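User: I would like to learn how to read the main features of a model like this one. Could we take them one at a time?

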Amino acid sequence: NVLILDFGSQYTQLIARRVRELNIFCEIKPYNKLPEDLSTYKAVVLSGSPYSVRGEDAPHPDLSQIQGKKPLLAVCYGAQYLAHFQGGNVAPSNTREYGRANLSFIKTNEPFFENVSTGSQVWMSHSDTIKDLPTNATLLASTNDVKNAAYKLEGEDTYAIQFHPEVYHSTDGKQLLENFLVHIAGVAQTWTPDSFVETTVAQLKEKIGTDKVILGLSGGVDSSVAAMLLHKAIGKNLHCIFVNNGLLRKDEFPSVLKQYEGMGLNVKGVDASARFLDELEGESDPEKKRKIIGRVFIEVFDDESHLVEDAKWLAQGTIYPDVIESVSATGGPSATIKSHHNVGGLPDFMKLSVVEPLRMLFKDEVRRVGASMGLDPLLLGRHPFPGPGLAIRILGDITREKVAILQEVDAIFINGLKDAGLYDKVWQAGAMLLPVNSVGVMGDERTYEKCVALRAVESTDGMTADWVNLPYEFLQKVSNDIINKVRGVNRVVYDISSKPPATIEWE
Ligand code: XMP
């Protein structure tokens, strides 16, 4: 296990990604929340930071339990931090030190730079520079602009690099991490999806014993994989609840429910469509729609969880990006994202103890874990779909008729993407029903009907996104199909807005 100490760099999660790619397990902790027990960590990595080590409010943690005692790799700010406190000199740099650079010097016979040659491209992003190394340091590498690009402290396994090995533009970055973690620190590369399943199932068995667990399935990847892990651990004591809010995709409720049953899950489908749609009647405001759906979901889930007698646990598909306590720009670590400690006034199911088997995994790792348990690739490759479902894709008020129209349109679009082999090339796609009617002509008749917008985006995390350049022929066919087959729609438009400034959903 490797510890990554976060000083607030935008790249800290990427360090974790790269380390995991080496099949090495790692955890990110904020610099000011150093775990008391460090015995399980075989090596420590210090991240970059937006701060200057010379700043008053910069992170200055006490590393006495780490430095010289465990293999330590300091990146960017970390490298400056070590230099600053070991008697070196860190000062503002005269030249810009951002973007690509090449290593012009590498010390020979240095295990840290094994299989890395001069000329290797590295990625710099810093405004301070290390003018002088500490006296007990040996220079390991330089670029043309940055003399002290990498150094080592003598007599200990402490390495420091000014550039970022975690970004893809540092071409040998992964090699350097491997050199440090595997060859110098001797960390075993045993973290694989199979081993994760094995150890997690064993831990869940141990933790839960014969208790009953409740889990809300959504049809998405995270809750499905979490359910499968728990199912392997405790079988029928896992009680899954899959709620139909009436705003799912066409036929999704029965087909996904059947799929869950086929996986052997103890799942109950609860069709609460009428309850949701009745409560939403007449509401046009996007945030109010979300609030109503959130509240009704909690009510339905609470009712259902009461039917499971003596349940002790609530399982959730929370994943690592939801959990990471990164250091905020103002210095203090941000609060935990989900808090279930405050039980006053919460629905009863929230008073259960929480179990989150995926809380250490990134999304792609969740998919790999799902695949290693034999989950259907179609389920694992499913596009993200918002909790409030079609409610936030029907602009204006929601009626059953509008839901039915949008389900048809969405099904033609999504099936069209699948038939054309485009579905997996798109991160998320869907259709919006607009609150405008427009004039058309069908046969010799004038029509005055609804307009739909199609949206397909590429993204990695939904935080930023760009519209996908779908082939004209594809758009032409889908538009034709929609207008010819869906009654009440006479116009189709394609959304060509990026996020930002637009969002993915229209509401
Ligand atoms: P936006 O529209 O903010 O969407 O660009 C980013 C991602 O989040 C999803 N989304 C939601 N998911 N409840 C959810 O569970 C919501 O209220 C919600 N709003 C947006 C959206 O589908 C996209 O993947």
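Analyst: Domain bounds here come from an automatic or database domain assignment. The model is predicted. Its chain is divided into domain 1 (2-184), domain 2 (193-380) and domain 3 (395-494).

User: How many Å separate the centres of domain 1 and domain 3?

Analyst: Taken over C-alpha atoms, the two centres are 49 Å apart.

User: How do I read a helix, and what span does H5 reach?

Analyst: An α-helix has 3.6 residues a turn, so residues three or four places apart point the same way. In this model, H5 covers residues 221-234, 14 in number, and runs 20 Å from its first C-alpha to its last, close to the expected 20 Å at 1.5 Å a residue. Of the 14 residues in H5, 13 are buried. Gly235, just after H5, has a positive phi of about 55°.

User: Which residues surround the ligand?

Analyst: The surrounding residues include Arg290, Pro386, Gly387, Trp427, Lys499 and Glu505. By class, the shell holds five nonpolar, four polar and three charged residues.

User: Where are the polar contacts of the ligand, and how much of its area does the protein bury?

Analyst: The size of an interface is often given as the accessible area lost when the parts come together. For the contacts, a ligand oxygen is 2.5 Å from a side-chain N or O atom of Arg290, and a ligand oxygen is also 2.5 Å from a side-chain N or O atom of Glu505. With Gly387, a backbone N or O atom lies 2.9 Å from an oxygen of the ligand. The ligand alone exposes 490 Å², of which the protein buries 69%.

Key
Residues are numbered from 1 along each chain as its sequence is written. This is a predicted model: local features need pLDDT of at least 70, side-chain atom pairs count only at pLDDT 80 or more; totals for chains, interfaces and linings use all residues. Side-chain values use heavy atoms; hydrogens and water are left out. A residue is near a molecule or strand if one of its heavy atoms lies within 4 Å of it. A polar contact is a pair of N or O atoms within 3.5 Å; within protein, one must be able to donate a hydrogen and the other to accept it, and residues adjacent in sequence count only if both atoms are side-chain atoms. Accessible areas come from the Shrake-Rupley method with a 1.4 Å probe; for residues, only the protein chains shown count as cover. Ala, Val, Leu, Ile, Met, Phe, Trp, Tyr, Cys and Pro count as nonpolar, Asp, Glu, Lys and Arg as charged, and the others, Gly among them, as polar. Helices (H or I, at least four residues) and strands (E, at least two) are DSSP runs, numbered from the N terminus. The expected span of a helix is 1.5 Å times one less than its number of residues. Buried means under 20% relative accessible area, exposed over 50%, partly exposed in between (1.4 Å probe, protein chains only).
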